[in-house]
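The following exercises concern a single protein chain and are to be worked with the sequence and the coordinates at hand. Each task is followed by a solution in steps.

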Amino acid sequence: MKVERSGKIKLNIFAGWCKPKIMSLLPIIMVALVFLAGLLYFERTSSIPGRLATKPVVSVMFVAAAVTRTPADPQYASIILAALVFCLIGDVCLIFLSNRKLFLAGLAAFLTGHLIYIRAFHCCAEFSWIT
C-alpha cells in the first residue's frame with residue numbers, strides 16, 4: 001500500500017505475484033476463450049449438459065493461470081488458489097439452478113471463496129483502513 005501526496009491510497013492486490021510471461025498464459029487464454037464462447041451459447045439455449053461441459057473448464061482455466069505463475073509471496077498465492085478452487089466449486093454447483101441443495105452449496109462455496117479472498121488481501125496486501 002502506498003499513500004500518495006494527494007492523500008490517495010494505492011493498493012496493489014497483485015503484489016504477491018510475479019508478472020507472468022504472456023506466452024506461458026497464451027494456451028490457457030485460448031482454451032478459456034473457446035470454452036467461454038461455448039458457455040455463452042449454452043447459457044443462451046439453456047442447455048444444462050452444455051453448461052456442464054463448458055463452465056467447469058472456464059473456471060479451471062482461472063486456477064490453471066494461477067498455478068502456472070511463480071508467486072513472489074507463496075502464502076498469498078496459496079490463499080488465492082484456495083479461493084479460486086472454492087469459486088470453481090460454486091460455479092459447478094450453480095449450474096443446477098433448479099436443485100435447491102446444489103444452489104445453496106454453490107452460494108456457500110462462493111461465499112467461502114470470497115471470504116478467503118478478503119483474508120488474502122488483508123494478510124498480504126498490507127492494507128489498513130487507518131493510515
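**Exercise 1. The contact of α2 with α3**

Task: Identify the residues through which α2 meets α3, classify them, and describe how the two helices are oriented.

Solution. The model is a predicted one.

Step 1. On the α2 side, the residues in contact are Lys55, Pro56, Ser59, Val60, Phe62, Val63, Ala66 and Val67. Their partners in α3 are Leu81, Leu84, Val85, Leu88, Asp91 and Val92.

Step 2. Sorted by class, this contact comprises eleven nonpolar, one polar and two charged residues.

Step 3. Helix α2 spans residues 48-68 and helix α3 residues 74-93; their axes lie 9 Å apart and form an angle of about 175°. Because of this angle, α2 is roughly antiparallel to α3.

**Exercise 2. Two α2 residues that meet α3**

Task: Determine whether Ser59 is buried or exposed, and establish which residues Lys55 touches beyond four places in sequence.

Solution.

Step 1. Ser59 belongs to helix α2. Its relative accessible area is 6%, so Ser59 is buried, the cut-off being under 20%.

Step 2. Beyond four places in sequence, Ser59 touches Leu88 and Asp91. The C-alpha atoms of Ser59 and Asp91 are 7.3 Å apart, although 32 residues separate the two along the chain.

Step 3. Lys55 is likewise part of helix α2. With the same exclusion of residues up to four places away, Lys55 touches Leu39, Glu43, Asp91 and Ile95.

Step 4. Lys55 is buried but has no salt bridge. Asp91 is the nearest side chain of opposite charge, at 4.2 Å, and a salt bridge requires a distance within 4 Å.

**Exercise 3. Two positions in α1**

Task: For Ile28 and Phe42, state the accessibility class and list the contacts beyond four places in sequence.

Solution.

Step 1. Ile28 lies in helix α1, which covers residues 22-44. With a relative accessible area of 12%, Ile28 is buried.

Step 2. Ile28 touches Met61, Ala64, Ala65 and Thr68. For the pair Ile28 and Thr68, 40 residues apart along the chain, the C-alpha separation is 9.6 Å.

Step 3. Phe42 is also placed in helix α1. Its relative accessibility of 25% makes Phe42 partly exposed.

Step 4. Phe42 is in contact with Ser47, Gly50, Arg51 and Thr54. The C-alpha atoms of Phe42 and Leu52, ten residues apart in the chain, are 9.4 Å from each other.

**Exercise 4. A backbone angle in a loop**

Task: What is notable about the phi of Ser46, and where is Ser46 placed?

Solution.

Step 1. Ser46 sits in the loop between α1 and α2.

Step 2. Most residues other than glycine have a negative phi. Ser46 is not a glycine, yet its phi is positive, at about 55°.

Step 3. Ser46 is exposed, since its relative accessible area is 51% and the cut-off is over 50%.

**Exercise 5. The chain as a whole**

Task: Give the order of the secondary-structure elements, the share of buried residues, and the share of contacts between residues 24 or more positions apart.

Solution.

Step 1. The chain has four helices and two strands. Read from the N terminus, the order is β-β-α-α-α-α.

Step 2. Of the 131 residues in the chain, 30% are buried.

Step 3. Among contacts with a separation of 6 or more, 61% join residues 24 or more positions apart. The contacts of Ser59 with Asp91 and of Ile28 with Thr68 may be reviewed in this light.

Notes. Residues numbered from 1 in each chain as written. Predicted model: local features only at pLDDT ≥ 70, side-chain atom pairs only at ≥ 80, totals over all residues. Heavy atoms only, no water. Buried < 20%, exposed > 50% of the residue type's maximum accessible area, 1.4 Å probe, protein only. Contact = heavy atoms within 4.5 Å. Axes fitted to C-alpha atoms, helices over the stretch in contact; angles between N-to-C directions. Parallel < 35°, antiparallel > 145°, perpendicular 65-115°, else oblique. Nonpolar A, V, L, I, M, F, W, Y, C, P; charged D, E, K, R; others polar. Lys, Arg positive; Asp, Glu negative; His and termini not counted.
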